[in-house]
Amino acid sequence: MADNRPTLAVEGLKTYFFTKAGVIKAVDDVSFTVGRGEILGLVGESGCGKTVTGFSVMGLVDPPGRITAGRILFDGTDIVGLPDEQMRRLRGRRIAMIFQDPMMTLNPVLRIDTQMIEAILAHEDVGRKEAWRRSRDALGQVGISAAEERLRAYPHQFSGGMRQRVCIAIALLNKPDLLVADEPTTALDVTIQGQILHEVQKLCRETSTALIWITHDLSVVAGLAERICVMYAGKIVESGSVDEVLDAPLHPYTRGLIRSVPSRNPRGRPISQIPGMIPSLLNLPPGCAFRNRCPRADGDCAADPEISSPFAGREVRCFHPHLTEAS
């Protein structure tokens, strides 16, 4: 019988940072699943909790932050609180992450070939020659020419975009079951970005790798992901298929994000903006965190809205969603 269990199931995840100024609820009751071969887009403004969600899945949250509640089920096993040695065996082989800053991944005093070969030998019993060949091919996959020569270079000899491509290649080396990508193509030009997206889609299709793509770029998610989760102030406020969410958003915040994309506005018309700023996670307003910026807010929004499912496959955290437009 086929195993229909998702590669990753996050249930009620809460990741808080306990600072002298107070408790920062960076991730507050977040739940989602990612199936085998599925690409999930996690989108929202800077500071909404996207990256901390990815770090929580990877077990990379350092003090004063910690996971205070919830489960992270990877292939059916809860990895919250897993011993460091067991997490190290998972990381890089079955679970990999592409960081937004390539210098978080690359060691500045080691050559690229040393770092890539070690990433393979740490998890697989293969010869150095085979590991070198796979490293060379991986660099070619991400658009780096003269791969054999580049393998002998050091990180400082690469541009920022080239370093990011090396990091993407390292993450893809062991064909992980789950890949968490934190805005990995931000520093790349459009041509290379398209090549990376193609390679990532190919990886997911051929090896059933599950992918969480963290970004603020809705245009990338539209062409890459199958489902989307929209985050705001540490919570997921809307989720569903990419086409349904982008064509008929339910949450006023999602609608504001889409309307602020320049390509969605007629020529000559000022770009629509969401008024105000995302609130400080140290001083969140009572009730719905978006209500001070929301055109549909009323007295009901003084309470904290629960997740509801007005349509099959759609979820929204709002008292006054745009139901008419989505029906």
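1. Contact here means heavy atoms within 4.5 Å. Axes are lines fitted to C-alpha atoms, for helices over the stretch in contact, and angles between N-to-C directions run from 0 to 180 degrees. Helices (H or I, at least four residues) and strands (E, at least two) are DSSP runs numbered from the N terminus. On these terms, helix α10 (residues 252-259) lies across β9 (227-232) and β10, at about 105 degrees to β9.

2. The model is predicted: local features need pLDDT of at least 70 and side-chain atom pairs count only at pLDDT 80 or more, while totals for chains, interfaces and linings use all residues. Residues are numbered from 1 along each chain as its sequence is written, and side-chain values use heavy atoms, with hydrogens and water left out.

3. One open sheet has eight strands in the order β6-β7-β8-β3-β9-β10-β12-β11, with mixed pairing; two strands pair if DSSP finds at least two bridges between them. β6 (95-98) and β11 (307-308) are at the edges with a single partner strand each, so one side of each has no neighbour in the sheet. Strands β10 (residues 235-241) and β12 (residues 315-317) pair in the antiparallel sense over two bridges, and E238 stands opposite V316 in β12. Helix α7 (residues 190-207) lies across β3 (39-43), β7 (178-182) and β8 (210-215), running at about 150 degrees to β8.

4. An open sheet of four strands follows the order β2-β1-β4-β5, with antiparallel pairing. Its edge strands, β2 (22-34) and β5 (77-78), each pair on one side only. Strand β1 (residues 8-19) and β2 run antiparallel and are joined by ten bridges; F17 has I24 in β2 as its bridge partner. Helix α1 lies across β1, β2 and β4 (65-74), at about 110 degrees to β1.

5. Two backbone details deserve a look. D29, found in strand β2, has a positive phi of about 65 degrees although it is not a glycine. P63 and P64 are joined by a cis peptide bond with omega of about 10 degrees; P64 lies in the loop between α1 and β4.

6. The structure holds five aromatic pairs (rings of Phe, Tyr and Trp, the last by its six-membered ring, with centres within 6.5 Å; planes under 30 degrees apart count as stacked, over 60 as edge-to-face, the rest as tilted). One of them, F55 with F99, is edge-to-face at 5.8 Å centre to centre, with 80 degrees between the planes. The pair links distant parts of the chain, 44 residues apart: F55 in helix α1 (residues 50-58) and F99 in the loop between β6 and α3.

7. Empty space was mapped on a 1 Å grid over the protein atoms alone: a cavity is a set of points where a 1.4 Å probe fits but cannot get out, a pocket is an open set with protein on both sides within 12 Å along at least five of seven lines, and lining residues have an atom within 4 Å of a point. Points are joined across faces, edges and corners, and a volume is the space filled by probe spheres set on them.

8. The largest pocket holds about 570 Å³. Of its 19 lining residues, R91, G92, T105, A119 and I170 are the closest to its centre. β6, α3 (112-121) and α6 (160-172) each supply at least two residues of the lining. The lining divides into eleven nonpolar, five polar and three charged residues (nonpolar: Ala, Val, Leu, Ile, Met, Phe, Trp, Tyr, Cys and Pro; charged: Asp, Glu, Lys and Arg; polar: the others, Gly among them).

9. There is one cavity of 30 Å³ or more. The largest cavity has about 70 Å³ of space, and C288, C294, C301, C318 and F319 are the closest to its centre among 13 lining residues.
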